[in-house]
Amino acid sequence: MHRSDRWAAALGVIPWLLVVAPLMLLLAALWQQGQDALSLAFLLEDPRRAGRAGGIASVLLSTGWILTVCLAVAVPVGLGCALFLSEEVHPGSAMARRLGFALDLLAATPSVVFGLFGYQFFAITLGLGFSILSGGLALSLMVLPLMIRSTEQALRGVPLSYRRAAEALAVSRWGWVSRVLLPNAASGIAVGVILSVGRALAETAVLLFTAGYVLRRPDSAFDSGRALSVHIYDMAMNVPGGTERAAATALVLVALLVSINVLIRRLVRRPFAGVV
Amino acid sequence: MSVLTEAGGSPPSLILDGVSVRYGERVAIQGASLKVAPGELMALVGPSGCGKTSLLSAINRMAEGVPGCRVGGVVRLGDRDASGLGRAALRRQVGMVFQQPNPFPLSVIDNLRFPLAEHRVPRRQRDTLAEQALRDVGLWHEVKDRLTQSALSLSGGQQQRLCIARALVLAPRVLLLDEPCSALDPVSSRVVEELIASLKGRYTLLMVTHNLAQARRLADTVTVCWVEGECGCVVESNTCEQVFQAPEHPITAAYCGGEVG
C-alpha cells in the first residue's frame with residue numbers, strides 16, 4: 001500500500017471512532033451500573049416496592065402496548081400522507097412549500113407540547129384519561145412528521161424510469177404503488193419506522209402527561225401504564241437507590257431498540273417483490 | 001374482454017397530422033405530420049432538442065402527464081382517431097421502449113406477468129404469453145433457468161430485450177422506440193437491432209435514433225426533424241433511399257451528410 005493511502009486509511013478511522021466511541025462509552029457506563037440487576041427474572045417479574053425489587057415485566061408490557069398503538073396509527077397515516085405528497089404534490093409548488101413548512105414546524109415542536117395537547121385532547125376531551133390509548137395516540141402525533149418526511153423521501157427516491165415504464169404500460173395507480181413504488185421504497189420507509197420507534201421508545205414527557213406511570217400490568221388499552229423511558233426517569237430521579245435498576249432498564253431499552261432495528265431491516269431486505 | 005383479443009391483430013398505419021407539443025410557452029415541436037405504413041419501420045432522426053421524443057410521447061399520450069404540457073393535432077391508428085381511445089386502451093395498442101433499459105425491480109417473469117395482470121389477462125394465460133414474448137425477443141433460452149431471479153441481474157442488452165418483451169406481451173400493434181440502442185454496448189446494440197428488424201411486418205414501428213447508420217440499416221422510411229428558432233419541426237419525410245441518396249430538403253442533405261447536427 002502506498003504511504004499516502006495508509007495515511008488516508010488511518011484518517012478514515014477517526015470519523016468511525018467518533019461515531020462508535022460515544023455509543024461504546026454509553027453502553028459501558030450503563031453496563032457497569034446496571035449489570036448486577038440484570039437477570040432473566042428482571043425481565044419476567046413485575047416490579048415491587050416502587051421498582052426497588054422485582055423486575056420490569058409490566059413496564060415492558062405497557063411499552064409494547066403503547067408502541068403498538070403509536071405505530072398502528074403513525075405508519076398507515078404517515079404512509080398515506082407521504083404517498084399524497086410524493087404522488088400528487090409537485091415538488092417546489094406552493095402547496096409543497098406550505099405542507100413542508102407545517103411538517104417542519106410539527107417536527108420541531110417540543111415533546112412536552114405534544115404531551116400537553118395529548119392530555120387536553122385525548123385524556124380530557126375524548127375522555128380516554130391516563131391510558132395506553134392516550135399515550136400511544138399522543139406519541140403517534142409526535143412521530144408523524146418524522147414518519148411522513150422520511151417516507152416521502154424514500155418514495156421520491158424511486159427512479160423515474162420505473163414510473164415512465166409503468167405509465168407506458170397503462171399500469172393502474174394501485175398497481176404502480178403496490179407492486180413497484182412501495183416495494184422499492186421499503187428500506188427507506190423502514191428507516192422512518194425505525195426512527196419513529198426510537199423516538200417513541202425514548203419519549204418521556206408525552207407519556208407522563210398521557211399514559212401515566214402506574215406500575216401494574218395493564219388489562220386493556222384503556223388502562224394506565226408505565227413505559228420504559230418513564231420507568232428509567234422515575235427510578236433515577238424519584239426512587240432512592242434506584243440508579244442501578246434505572247441503568248439495567250436502560251440497557252433493556254437499548255437492546256430492544258437494536259432488536260427492532262435489526263428485525264425491521266431484515267423484514268424489508270427483499271431484492272424484488274413477490275409473484276404476480 | 002382480454003387485452004389480447006381487444007388489441008393485437010394486423011398492424012395499422014400510424015398517421016400524425018399537424019401534431020404540436022408545448023411545455024408552457026416553449027414549443028418542443030410544431031405542426032409535425034407524417035405517415036408510417038402498416039408494418040413499416042420509420043426512423044425519426046434529427047439533432048437533440050428538435051422534439052423527437054416529445055413527438056413519441058404525444059402519440060401514446062405520455063406527454064399528458066407532464067405538468068404544463070399541451071398537445072395539439074391529430075394522431076390516427078389506421079382509420080381511428082387515437083383521441084377517441086381511452087388512455088389504457090391506447091397504450092395497449094401502442095407499446096413503448098425507452099432509451100435506458102428500465103425493467104421493473106421484479107423477477108424476470110414478473111416483469112411480464114405484471115402488465116398482463118394489470119390488464120386483467122386471466123392468470124392461466126400469463127405464463128404462456130410471457131414465454132412467447134421472451135421467445136419473440138430471443139431471450140427465452142438465456143433466461144428460462146432464472147425466470148425467478150431479479151431482472152436487474154441481467155446484462156444491459158438482455159434488460160433492453162426484456163423491456164421490448166414487456167411491451168410486446170400486451171400484443172400492441174404499434175411500437176414506439178426511443179433510441180433503444182443508444183445506452184448499449186456495440187454487441188448488445190447489434191442484437192437489439194436484429195430483434196427490431198425481425199419485428200418489421202408484425203408491428204408498425206416508429207424509432208427515434210441519433211445513429212444515421214442505424215436508421216439506414218433498419219428503416220423503411222425516415223423523417224428528419226430540425227430546430228428552427230427554438231421550435232422543432234419536420235423538414236422531410238421520405239423513403240430511406242430518398243433521404244440518404246437524394247434528399248429533397250437542403251437541411252436533410254446537410255444533416256445526413258454530416259455537415260450540421
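**Packing around helix H10 of chain A and the contact between chains A and B**

In this predicted model, the cover over the buried residues of H10(A) includes four helices of chain A, namely helix H3 (57-88), helix H8 (173-202), helix H9 (205-210) and helix H11 (243-268). Helix H10 itself spans residues 228-237 of chain A, and because seven of its 10 residues are buried, it is largely enclosed by the rest of the structure. The buried positions are Leu228(A), Ser229(A), Val230(A), His231(A) and Ile232(A), together with Asp234(A) and Met235(A).

Two of the covering helices, H8(A) and H11(A), also pack against each other, with their axes 9 Å apart and at an angle of about 165°. Since angles over 145 degrees count as roughly antiparallel, H8(A) is therefore roughly antiparallel to H11(A). The crossing of this pair, H8(A) and H11(A), is right-handed. On the H8(A) side the contact involves residues including Ala186(A), Ala190(A), Val193(A), Ile194(A) and Gly198(A), while H11(A) contributes, among them, Leu253(A), Leu256(A), Ile260(A), Asn261(A) and Arg265(A). Classified by residue type, the contact of H8(A) with H11(A) comprises 12 nonpolar, three polar and one charged residues.

Between the chains, the contact draws 20 residues from chain A and 24 residues from chain B. On the side of chain B that touches chain A, helix H3 (87-93) and helix H4 (108-118) of chain B each supply at least two residues, and the largest share, six residues, comes from H4(B). The residues on this side of chain B that touches chain A divide into 12 nonpolar, six polar and six charged.

Technical notes
Residues are numbered from 1 along each chain as its sequence is written. Chains are lettered from A and ligands numbered from 1 in the order in which they are written. This is a predicted model: local features need pLDDT of at least 70, side-chain atom pairs count only at pLDDT 80 or more; totals for chains, interfaces and linings use all residues. Two residues are in contact if their C-beta atoms, placed from the backbone, lie within 7 Å. Ala, Val, Leu, Ile, Met, Phe, Trp, Tyr, Cys and Pro count as nonpolar, Asp, Glu, Lys and Arg as charged, and the others, Gly among them, as polar. A residue is buried if 20 or more other C-beta atoms lie within 10 Å of its own, exposed if 12 or fewer, and partly exposed in between; C-beta atoms are placed from the backbone. Axes are lines fitted to C-alpha atoms, for helices over the stretch in contact, and angles run from 0 to 180 degrees between N-to-C directions. Angles under 35 degrees count as roughly parallel, over 145 as roughly antiparallel, 65 to 115 as roughly perpendicular and the rest as oblique. A crossing is left-handed if the near helix is turned anticlockwise from the far one by less than a right angle, and right-handed if clockwise.
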